[in-house]
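Reader: I have a two-chain structure open and would like to go through it by question and answer. Can we keep it brisk?

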Amino acid sequence: MQASRQQPRSLKHQLWVAFLVVPPIVFMSLFVVYPILSAFAYAFYDWQGLARGEFVGLKNFREVLFGATMAPVVWNAFLHNVYALIALMIIQNGGGFFLAWLLYKEPFGFRFHRIAVFVPVVLSTIIVGFLWKLFLNPNFGIINQALYSVGLDSWAKPWLGDSSTALGALILANAWHFVGFPALVYLAGMQRIPPEIIEAARLDGTNEWQLLKNVVWPLVAPSTTILFTLLFIGAFNWFEIPYVMVGLDGSPFGSTDVLGLVFYRTAFGNQSASIQNFGMGSALATLLFLFIVVFASMLTLWLRRREIQF
Amino acid sequence: MTAITSDAPATRQAIPFVLLAQVILIANSFIMLYPVVVMVLSAFKTTGEIFEHPFALPDFTQVQNFAKVLGETAMPVYFVNSILVTGTSIVLILVLGTMAGYAVARYESRTNTFILLFFLAGLMLPLKLAVIPLFILLRDLGLLDSRWSLIVTYTAIGLPSTVFIMAGFLRTLPSELEDAARIDGASEPRIMWSVMLPLARPPMAIAAIQNAVPIWNDFFFPLVFIQTDARKTLPQGLTTFMGEYTTDWGMLFAGLTIAAAPITLLYIALSRQFIQGMTAGAVK
């Protein structure tokens, strides 16, 4: 640090610094730290509606993980979160990587394409969800209408009403919404690679695929670290798209149920069961939170090790 | 088959990579934009026209759907609520974030590391999962079902990243500026307000966009905190609206178009700033 920044620590000066840092810290403590710490505590209590009952130890956790009514729902939903994570890793982040590479070469019209790919990203998930719900409507949605108009009538399906296609449809709607984000983050990562490195690889006669696999991919590792970690956190917090497109119960027959929906139903109730269970909801939130923190840190550390300094 | 595969390398060389890239990029941009275009076109149609000619161009003089959405539904109220909530949250985020960021960046103190770690933790923790205690806290504070419940929540979520953006930028400003003002006898608040902050407008713009878009689009917290229709924000109000007009597709598309219009137009006008702001957290 420069010596010039050393100031006399007068009381007036200390008060001024306190005036700057205390309000933000108090605000964060009240609305972030306190709720998060309470979330852990709440999970150990029995709840009657909004009133906290007695201390019940690990009962809520046992109920969520192994209970006869709750556990099958939770594990079913967890599996769907895992499917969504894997599919989005490939479609959204993988697709974003390839789009970034095409944009990186700055072909004719790349400025337009760069703006176009990011248009869905700025839209609300609610708008995206409703839009695709209308498009996927079995009778009047443009997807089936398009299939009818080219004579592929047998391909038309009630996409969101069929348990074999519903989750896939949600995943694709999500990928449409967000593929622009990894694309432009990877693009920024590629633009930071010194051009001499790519030039040298070209002169060595590497083909496009080898260049991408052996040079570009390892050098954009920092972008990969952050994108995969963000997607991991996002996939296990997935809520809006399923809520809007298939409803709170993960219909049909729980084939699109995810942990976000289970959590909301448990904590705040739904039309069919208006019971609120804050204890079990908090237990589920705590488990999900620990799962995300532990695995996201492991993922980050593992991905960090692949990063190369240049 | 053999003939084709043996020809393939030669063909691959013959078709320039640029052409293939063009085709893929055009196809992708089409997939990204066409759904939005269909949404806007359908908003000018009656429900019957949408069902019969989903891909046809509409008569653009038919604006009755838009008139109905703006005149007969609560959409304008949702819109005003979204502006109030997003605007107030951004002001609070910038004020509190700049205060903490400035202190950490410009004054040496043993507590700086602690303060940064404190905000770093806030950056990592998904507040969504603490929504139950937050719900009870807001009820106890009497803020539940008010716009303030959303404003304080969004401010808390946006604050950590803003502290880092502001501290990161303010640290790069040369201390000669401060020292010169100090020699002239300017007080510390005066130096901050008149010398340093006027230079910090670019990072403030980045922080504002980075936070404004997710706040404007958020649905989860209003869903939990807000019951009264007159206080709903646009995404939450949209679910009410979509539930009321389920069979009137012309209205549905007009509602979606009106809800999407402000941010889409703003994005098209300021695409560089939007992209920079929204990827700021992921691009170092």
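Reader: Is helix 11 of chain B largely enclosed by the rest of the structure or left open, and how many of its 17 residues are buried?
Author: This is a predicted model, and the answer is read from it. A residue is buried if 20 or more other C-beta atoms lie within 10 Å of its own. Helix 11 of chain B is largely enclosed by the rest of the structure, because the buried share of its 17 residues is 12.

Reader: Which residues of helix 11 of chain B are buried?
Author: The buried set includes B:Pro203 and B:Ile206. The run from B:Ala207 through B:Ile209, B:Gln210 and B:Asn211 also belongs to it, as do B:Ala208, B:Ala212 and B:Val213. Near the end of the list come B:Ile215, B:Trp216 and B:Asn217.

Reader: What end-to-end span should helix 11 of chain B have, and what does the model give?
Author: Helix 11 of chain B covers residues 201-217, which is 17 residues. At 1.5 Å a residue, the expected span is 24 Å. The model agrees, as the end C-alpha atoms are 24 Å apart.

Reader: What distance separates B:Gly87 from B:Arg201?
Author: B:Gly87 sits in helix 5 of chain B, residues 75-106. It counts as partly exposed because it has 14 C-beta neighbours inside 10 Å. B:Arg201 is 114 residues apart from B:Gly87 along the chain, and their C-alpha atoms are separated by 17 Å.

Reader: Is chain B a compact globule or more spread out?
Author: Chain B has 15 helices and zero strands. Its radius of gyration is 25 Å, and the globule rule gives 19 Å for 284 residues. The value is well over the rule, so chain B is more spread out than a compact globule.

Reader: What percentage of the residues of chain B count as buried?
Author: The C-alpha trace of chain B spans about 75 × 65 × 35 Å along its principal axes. Among contacts with a separation of 6 or more, 76% join residues 24 or more positions apart. Of the 284 residues, the buried share is 42%.

Reader: How many residues of chain B touch chain A, and which class leads on that side?
Author: On chain B, 73 residues are in contact with 71 residues of chain A. Helix 2 of chain B, residues 17-43, gives the most to this side, with 14 residues. By class, the side has five charged, 13 polar and 55 nonpolar residues.

Reader: What radius of gyration does chain A have?
Author: Chain A has 14 helices and two strands. Its C-alpha atoms fill a box of roughly 80 × 70 × 30 Å along the principal axes. A compact globule of 310 residues would be near 19 Å, but chain A has 25 Å.

Reader: How do strand 1 and strand 2 of chain A pair, and where is the positive phi in their hairpin?
Author: Strand 1 of chain A, residues 45-48, and strand 2 of chain A pair in the antiparallel sense over three bridges. A:Gln48 stands opposite A:Ala51 in strand 2. Two residues lie between the strands, and the positive phi, near 60 degrees, belongs to A:Gly49.

Reader: Which element of chain A has the lowest mean pLDDT?
Author: Chain A averages a pLDDT of 90, and 95% of the residues score at least 70. Helix 7 of chain A, residues 166-178, has the highest mean among the elements, 97. Strand 2 of chain A is hardly covered, with zero buried residues among its five. The lowest mean, 87, also falls to strand 2 of chain A.

Reader: Where does pLDDT stay under 50 in chain A?
Author: Where pLDDT is low, the predicted coordinates should not be read in detail. The stretch in question has six contacts beyond four places in sequence in the model. It is residues 1-6 of chain A.

Reader: Which peptide bond is cis, and which residue in that loop has a positive phi of about 55 degrees?
Author: Most peptide bonds are trans, and most residues other than glycine have a negative phi. The bond from A:Ser251 to A:Pro252 is cis, with omega near -5 degrees. A:Pro252 is in the loop between helix 12 and helix 13 of chain A, and A:Phe253 lies in that loop too. The residue with a positive phi of about 55 degrees is A:Phe253.

Reader: Is A:Glu106 buried or exposed?
Author: A:Glu106 is in the loop between helix 3 and helix 4 of chain A. Its phi is positive, about 50 degrees, although it is not a glycine. With 10 C-beta neighbours inside 10 Å, A:Glu106 counts as exposed.

Definitions and conventions: Residues numbered from 1 in each chain as written. Chains lettered and ligands numbered in written order. Predicted model: local features only at pLDDT ≥ 70, side-chain atom pairs only at ≥ 80, totals over all residues. Helix = DSSP H or I, 4+ residues; strand = E, 2+ residues; numbered from the N terminus. Expected span 1.5 Å × (residues − 1). Contact = placed C-beta atoms within 7 Å. Nonpolar A, V, L, I, M, F, W, Y, C, P; charged D, E, K, R; others polar. Rg over C-alpha atoms; globule rule 2.2 N^0.38 Å. pLDDT = per-residue confidence, 0-100. Pairing = 2+ DSSP bridges.
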